[in-house]
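Open the model in your viewer and keep the sequence panel beside it, since each stop on this tour begins with a selection.

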Amino acid sequence: MTPKEVLEFVKTKGLEMVDLRFMDFIGTWQHFAVPVAELSEDSFEEGFGFDGSSIRGWQPIHASDMLVIPEAATAQIDPFITRPTLVLICNIVDPITKENYSRDPRNIAKKAEAYLKSTGMADTAFFGPEAEFFIFDDIRYGSSSNSGFYFIDSEEGAWNSGKDEGPNLGYKPRHKEGYFPCPPTDSQHDLRDEMVRVMQSIGLKIEAQHHEVATAGQAEIDLRFDTLVKVADAIQWYKYIVKNVARKWGKTATFMPKPLYGDNGSGMHTHQSLWKDGKPLFAGDGYGGMSQMALWYIGGILKHAPAICAFSNPTMNSYKRLVPGYEAPVNLAYSSRNRSASVRIPMYSASPKAKRLEFRTPDPSCNGYLSFAAQLMAGLDGIQNKIDPGQPLDKDIYALSPEELSKVPTTPGSLEESLKALEADHEFLLKGDVFTPDVIEKWIEYKMEAEVNAIKLRPHPHEFYLYFDC
């Protein structure tokens, strides 16, 4: 829609409020609302003011004024707010210079798309994220100077097989057996269907929904691929809808990568491919039916994966999932069909249009704009420098001998290691001014102070189990 069409849409639908949404630096959708009378065609150029110092990782208090500039093409009606409300996704602009803000994640993603076109190698990057999540019935947690705990519960949880539920009707998915028996074992089919219905009502294209591997309501709803910025926008709607539908059903949803001990964590496998003039560029006669360009792109992903992880796996909890020998792909290798490799070449279809790679390391705690942009920049660096991805690894990585396994590089073992990798390897992100030095510096600074050090300083509940009687 154009600005004029948005205003006509508001009148036709009888909308009363406009919700202005934008992505903060870390990855949370932020918003504020104005009456529709405040929205005019000029608003799409002049924007609305807000306090940038109150947003994590953004402006200091002495330079706090910022602008949100709504993008007309993103207009949607909110499916949850009681008063009829239009939602507009916004970009962030400096009110004095009128320049796009360097730390606005959506701006970074837009610059990544622009840089791709400027290289002449391709004009479109498609991304298809598969975000997993958990749906729980109860979550309690606390942390203070003298206590720290969490408690999770789910009617589906395997631990509730012996609970007196008046009566307990059974059919609790056992650990690692949630993929994917029919109801009644899958007790959340209708809930996920409701999520899909709401997603479709605002224009998201959905390919499938199903229970995932873990007990206790692990789920996946697959978005159809789209261009980088559009699919990052879609992921924000996706998370918003999942959380709000779950809440309407009296449940709670989380995209935390590893909320349960002893069962699978939640990943966000990310499919990607490059196109030019409407033609796919990743199909060829190389390994797995891939082109040489695609193999170099894989080389870039594998080379820069430790640095990418600072954006694609950006939480301390992410590395409870990325543990060698378990389900998450920590080994930096590529293969066709083999899900134990961090980069997989799906073999479902022989169509050139279906040729893509799947980077399996990321998780859904990430800021999609930053994660997808970082992956694209790494892949482009691989093409530009003709980075050889090495030999494919078609064996079961978990069955390799220690000698064989020692030759396969792995992802970082902690967020701190990922941040150190980013600090040492970020030149590829600075090309085209996509990521800027202040973004890299602030990301590392924020993550170290607010997350790494904050958790390092606190005792863990399991430490009392191990050490209280020492």
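In which loop is the place of Glu41? Select Glu41 and, keeping in mind that the model on the screen is a predicted one, follow the chain on either side until you can see that Glu41 sits in the loop that runs between β2 (29-35) and α2 (43-46). The relative accessible area of Glu41 is 44%, and Glu41 is therefore classed as partly exposed. Now add Asp42, Glu45 and Glu46 to the selection, and you have the members that, together with Glu41, make up a patch of negative charge on the surface.

**The loop between β9 and α4**

Move next to the loop between β9 (147-153) and α4 (189-201), and select Phe180, which lies there. Display the backbone at this point, because the peptide bond that joins Tyr179 to Phe180 is cis, with an omega of about -25°. Pro184 is likewise found in the loop between β9 and α4, and the bond leading into it from Pro183 is a cis peptide bond whose omega is near 10°.

While the loop between β9 and α4 is in view, select Lys176, another residue that lies in it. What is unusual to look for here is the backbone angle: phi of Lys176 is near 65°, a positive value in a residue other than glycine. Lys176 has a relative accessible area of 44%, and this places the residue in the partly exposed class.

A comparable backbone angle can be found by selecting Asp433, which is not a glycine and yet has a positive phi of about 60°. The place of Asp433 is in the loop that connects α11 (427-430) with α12 (437-456), and its relative accessible area of 46% makes the residue partly exposed.

**A serine at the end of a side-chain contact**

Is Ser342 buried or exposed? Select Ser342 in the loop between β16 (334-336) and β17 (343-345), and note that its relative accessible area is 0%, so that Ser342 counts as buried. From this position the side chain of Ser342 reaches the backbone oxygen of Asn331, at 3.0 Å.

**Salt bridges**

How many salt bridges does the count come to? The count comes to 24 salt bridges, and a good place to begin looking at them is Lys251, which forms one with Asp137, where the closest N and O atoms are 2.5 Å apart. Lys251 lies in the loop between α5 (228-248) and β13 (252-254), while Asp137 lies in the loop between β7 (124-136) and β8 (138-144), so the pair ties together parts that are 114 residues apart in sequence. Lys251 is buried, with a relative accessible area of 17%, whereas Asp137, at 25%, is partly exposed.

Keep Lys251 selected and add Glu155, since these two residues also form a salt bridge, with their closest N and O atoms 4.0 Å apart. Glu155 lies in the loop between β9 and α4 and Lys251 in the loop between α5 and β13, so this pair ties together parts that are 96 residues apart in sequence. Glu155 has a relative accessibility of 51% and therefore counts as exposed.

Now select Arg360 and Glu358, whose side chains meet in a salt bridge of 3.1 Å from N to O. Arg360 counts as buried at a relative accessibility of 7%, and Glu358 is also buried, with a relative accessible area of 1%.

For the last of the charged groups, select Glu71, Arg106, Lys110 and Asp233 at one time, and display their side chains, which are linked in a network of salt bridges.

**A nonpolar patch on the surface**

Which residues form a nonpolar patch on the surface? Select Ile139, Tyr141, Tyr150 and Tyr261, and switch on the surface display: these residues form the patch, and together they have about 580 Å² of accessible area. Within this group, Tyr141 can be used as a reference point, as it lies in strand β8. The relative accessibility of Tyr141 is 65%, and the residue therefore counts as exposed.

Methods: Residues are numbered from 1 along each chain as its sequence is written. This is a predicted model: local features need pLDDT of at least 70, side-chain atom pairs count only at pLDDT 80 or more; totals for chains, interfaces and linings use all residues. Side-chain values use heavy atoms; hydrogens and water are left out. Patches are made of residues with over 30% relative accessible area and no salt bridge: like charges are joined within 9 Å, nonpolar side chains (Val, Leu, Ile, Met, Phe, Trp, Tyr) within 5 Å. Accessible areas come from the Shrake-Rupley method with a 1.4 Å probe; for residues, only the protein chains shown count as cover. Lys and Arg count as positive and Asp and Glu as negative; His and the chain ends are not counted. The place of a charge is taken as NZ of Lys, CZ of Arg, CG of Asp or CD of Glu. Helices (H or I, at least four residues) and strands (E, at least two) are DSSP runs, numbered from the N terminus. Buried means under 20% relative accessible area, exposed over 50%, partly exposed in between (1.4 Å probe, protein chains only). A polar contact is a pair of N or O atoms within 3.5 Å; within protein, one must be able to donate a hydrogen and the other to accept it, and residues adjacent in sequence count only if both atoms are side-chain atoms.
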